[in-house]
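The following exercises are to be worked through with the sequence and the 3D structure at hand. Each task is followed by a solution in steps.

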Amino acid sequence: MHHDIWNYDTPQIPVLMDVTVDGEEIPAVVQVTKQAFAYAFNRESGEPVWPIEERPVPEGLMPGEALSPTQPFPTRPAPYDMQGLTHDDLIDFTPELRQAAIEALDDYVIGPLFTPPLHRDNDLGKVASMWCPGDVGGTNIDGTPAADPETGILYVTSQKGCGSRIMVPGVERDEREPAQTGTTITKFAVGGFAGVRRVQGLPLFKPPYSRITAIDMNTGEHLWWIPVGDTPSRVLEHDALAGMDVPNTGTGRQAAQIVTSTLLMYTGEGSDGTSYLFAVDKATGERLGRVALPGQPRYGMMTYMHEGRQHVVIQAPNMLMTLRLAD
């Protein structure tokens, strides 16, 4: 990133995996991101596995803020979740919901990836801008990727989400602090949060709200994707969708994942909010089973063999949940 103003820190662990690209064996490191890009490098030389291009991005409108005219775009793999925001990305279960979503965005600037924040009292007369992915879009701290050393496939979890802030003069922001330690060093600062997340209680975007994408890191190609968990009951039971065959939207939460020689296991929720450990065919994404969990998982998991039985340990707030196969 050049001059990051979007909160696009790298939130996840870098993944080490050996891949074969065009017949060449490459010791790779892959970094998944909030931008919904997977950046792949040779971990010994630092060279990109595939070219990363500098492409023009939108200019900023805030006085005194000098943004980079370009940002790095990997040519492979393709983005694995929504980047930028257009009307085509909005909820479309019914024409009425789509129109309501469009109208809800009238007061905001929307656009491609790297659409910059906007200040209050701007010349456009807009409340703020919305950049997508945002703080909770793409891959974040609780969306652990999983690499399969046998196949070179990387399983990436992500969610749709945009960010929006109203920028105000830095001096005004400082005056809100009761015990200042100095004077402002920025002309503008974050004055508050804005944006649109829901329309009539439903997510702003088309589903899936969160997903897992299987990416062959030997070729950079996407193989398949599946929603994370099941459609929430608040969507299934919404009055505006009565009688409609709603596809699996995913929960809107990211998954912890781990891959074995036979399965991809991930954490997610059923429609009623129950937490589960799901098992899918790692080659196709077909769901094979699920096991209810005693708490809501977050961050990661591990698996190991002990006395001939497989154990799975799953992280959760303030505890670990351990499962094991029966005799």
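In which strand does Gln-257 lie? Gln-257 lies in strand 17, residues 257-259; helices (H or I, at least four residues) and strands (E, at least two) are DSSP runs, numbered from the N terminus. This is a predicted model, in which local features need pLDDT of at least 70 and side-chain atom pairs count only at pLDDT 80 or more, while totals for chains, interfaces and linings use all residues. Residues are numbered from 1 along each chain as its sequence is written, and side-chain values use heavy atoms, with hydrogens and water left out.

**Exercise 1. Describe the surroundings of Gln-257.**

Step 1. Gln-257 has 4% relative accessibility and therefore counts as buried; buried means under 20% relative accessible area, exposed over 50%, and partly exposed in between (1.4 Å probe, protein chains only).

Step 2. The side chain of Gln-257 reaches two backbone oxygens: that of Thr-144 at 2.8 Å and that of Tyr-155 at 3.1 Å.

Step 3. Apart from neighbours within four places in sequence, the residues in contact with Gln-257 include Ala-146, Val-156, Ile-212, Leu-264 and Met-301. Contact means heavy atoms within 4.5 Å.

**Exercise 2. Identify the residues that touch the most other members of the largest nonpolar core, and the elements that contribute to this core.**

Step 1. A nonpolar core is a set of buried Ala, Val, Leu, Ile, Met, Phe, Trp, Tyr and Cys residues joined through side-chain atoms within 4.5 Å. The largest such core has 25 residues, and Leu-85, Met-130 and Leu-204 touch the most other members.

Step 2. Helix 1 (95-104) and strand 11 (165-169) are the elements that give two or more residues to this core. Helix 1 gives the most, with three residues.

Step 3. A second, separate core comprises 18 residues, among them Ala-28, Val-32, Val-49 and Tyr-80.

Step 4. Returning to Met-130, its contacts beyond four places in sequence include Leu-85, Val-109, Cys-162 and Leu-204.

**Exercise 3. Determine which residues of helix 1 are buried and where they lie around the axis.**

Step 1. Leu-97, Arg-98, Ala-101 and Ile-102 of helix 1 are buried. They cover an arc of only 140 degrees around the axis, which puts them on the same side of helix 1; the arc is that of the directions from the helix axis to the C-beta atoms.

Step 2. An α-helix has 3.6 residues a turn, so residues three or four places apart point the same way.

Step 3. The buried residues of helix 1 pack against strand 13 (198-199) and strand 14 (202-203). Pro-95 and Glu-96 are exposed, on the face of helix 1 turned away from its buried side.

**Exercise 4. Establish the strand order of the open sheet and explain why strand 9 and strand 16 stand at its edges.**

Step 1. Four strands form the open sheet, in the order 9-10-15-16, with antiparallel pairing. Two strands pair if DSSP finds at least two bridges between them.

Step 2. Strand 9 (146-148) and strand 16 (221-227) each have a single partner strand, so one side of each is left without a neighbour in the sheet.

Step 3. Strand 15 (residues 210-216) is joined to strand 16 by six bridges in the antiparallel sense; Ile-215 has His-222 in strand 16 as its bridge partner.

**Exercise 5. Characterise strand 3 and its pairing with strand 2.**

Step 1. Strand 3 (residues 38-42) is largely enclosed by the rest of the structure, because four of its five residues are buried.

Step 2. Strand 2 (residues 24-32) runs antiparallel to strand 3, and five bridges join them. Among the paired residues, Val-30 has Ala-40 in strand 3 as its bridge partner.

Step 3. The two strands form a hairpin with five residues between them, and Ala-36 in the turn has a positive phi of about 70 degrees.

**Exercise 6. Locate the cis peptide bonds at Pro-77 and Pro-208, and contrast Phe-114 with Glu-307: which is buried and which is exposed?**

Step 1. Arg-76 and Pro-77 are joined by a cis peptide bond with omega about -15 degrees; Pro-77 is in the loop between strand 5 (70-74) and helix 1.

Step 2. Pro-207 and Pro-208 are likewise joined by a cis peptide bond, with omega about 5 degrees. Pro-208 is in the loop between strand 14 and strand 15.

Step 3. Phe-114 has a positive phi, near 75 degrees, and is placed in the loop between strand 6 (108-109) and strand 7 (118-119). At 0% relative accessibility, Phe-114 is buried.

Step 4. Glu-307 also has a positive phi, near 50 degrees, in the loop between strand 21 (301-306) and strand 22 (309-316). With a relative accessible area of 71%, Glu-307 is exposed.

Definitions and conventions. A polar contact is a pair of N or O atoms within 3.5 Å; within protein, one must be able to donate a hydrogen and the other to accept it, and residues adjacent in sequence count only if both atoms are side-chain atoms.
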